[in-house]
Amino acid sequence: MAKWGEGDPRWIVEERPDATNVNNWHWTEKNAGPWSKERLKELLINFKIAKNGIDCKVTEVEKMDGEASANNRKGKLIFFYEWDIKLKWEGTLAGGKEPVKGEVHIPNLSEENDVSEVDIAVTIKGSGDEAQRVKAFMHNVGRDQIRKQLSEYIRSLKEEFSKGLILPKKGEASVKPDNISMITSGFNKKVNMEPVVAPQTKQQIGCKLDTKAIEISEKFQCRAQEFYDAMTRIEMVTAFTQGHVKMEAEKGGKFALFGGNITGEFRELVPPNKIVQYWRYKQWPDQHFSEVTFNIEEKDDHTLVTVKQELVPTAEVEQTRENWRRYYFESIKRAFGFGAFL
């Protein structure tokens, strides 16, 4: 790598007493799962909702499945969380005889959905006018109040896990709040891959398909392992694609990116130097896959990545080439600070 005081300044090692993650450059990760479970229970158990003579409260967290993590890359904090939660609640109507009991199901608390879009289903045990009135109250009022508690969880998650994840630079006793840049995974941003279907009659299955090969090289200001991780770790792929990702980074493992527009299978993984995939764009003729090889070569002051893609439909070569640069290379550099982009 670059010697002390030479080369790209982002590669220069800065003196720190603890010699840990200088310049906050490397990807670091903290497991926020256990803390999140306790925080959500704290916010939800015994949470009271009362108005117009109706009193309800959450009595128990029956189920909480999921995970959460906080990640740092070059001073940017990236948060991932996904929870499936079931609550028990009970409520009484002024002058009512017995408490009404029921459940609240929150199946999709995650970065994929804004809190206002999180599904919250309210059910009751029993029937009758009184029970239906209390259920309607929980549906119309209770759900909004529960969403406020979920928003508080997200706020406190970011506040708690920004501590210690961003390290002070040389000469700084601590990190100034103004120097912390927070970003989320970007699940709510819609990335629309530009259509690459040629304005011709759709290719029919079984017909001969003309194809060509593509080769593209790009320099990244990172180590080979860091680029390899960006292509194989689901939380990092989520960050640069800005959308929900399905991925099993193992031989034979499947992947789906960009809302299912890009799908394929891992054929070979040689960390940190090589990745081979079967890869297809949704608009391509049915069952047609290209083969993509990432060759990752670490140099003295950068990492050179060469992408070779075979069996690309001829009519779509230029647009596919452009999509590699726009949606992979530039997005990776933007998300992780791996170098300048046009």
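A residue counts as partly exposed when its relative accessible area falls between the buried limit (under 20%) and the exposed one (over 50%). Keep that in mind as you click around this predicted model.

**Stop one: Lys63 and Asp84.** Select both side chains and you'll find a salt bridge, with the closest N and O atoms 3.2 Å apart. Lys63 sits in strand S3 (residues 54–73) and Asp84 in strand S4 (residues 76–93), so this pair ties together parts 21 residues apart in sequence. Lys63 comes out at 27% relative accessibility, so it counts as partly exposed.

**Stop two: helix H1.** Now grab residues 33–44. At 1.5 Å a residue, these 12 residues should span 16 Å, and the end C-alpha atoms are indeed 16 Å apart. Colour the buried ones: Gly33, Ser36, Arg39, Leu40, Leu43 and Leu44. They cover an arc of only 125° around the axis, so they share the same side of H1. Spin to the face turned away from that side and you meet exposed Pro34, Glu38 and Glu42. Just after the helix, check Asn46, which has a positive phi of about 65°.

**Stop three: across to H2.** Stay on Arg39, and add Glu152: their side chains meet in a salt bridge (3.2 Å, N to O). Glu152 belongs to helix H2 (residues 129–161), 113 residues away from Arg39 in H1. Arg39 is buried at 15% relative accessibility, while Glu152 is partly exposed at 25%. Extend the selection to Glu42, Arg155 and Glu159, which join Arg39 and Glu152 in a salt-bridge network.

**Last stop: Glu265 and Lys254.** Here's another salt bridge, 2.7 Å from N to O. Glu265 is in strand S11 (residues 262–270) and Lys254 in strand S10 (residues 254–257).

Conventions: Residues are numbered from 1 along each chain as its sequence is written. This is a predicted model: local features need pLDDT of at least 70, side-chain atom pairs count only at pLDDT 80 or more; totals for chains, interfaces and linings use all residues. Side-chain values use heavy atoms; hydrogens and water are left out. Helices (H or I, at least four residues) and strands (E, at least two) are DSSP runs, numbered from the N terminus. The expected span of a helix is 1.5 Å times one less than its number of residues. Buried means under 20% relative accessible area, exposed over 50%, partly exposed in between (1.4 Å probe, protein chains only). The arc is that of the directions from the helix axis to the C-beta atoms. A salt bridge is a side-chain nitrogen of Lys or Arg within 4 Å of a carboxyl oxygen of Asp or Glu.
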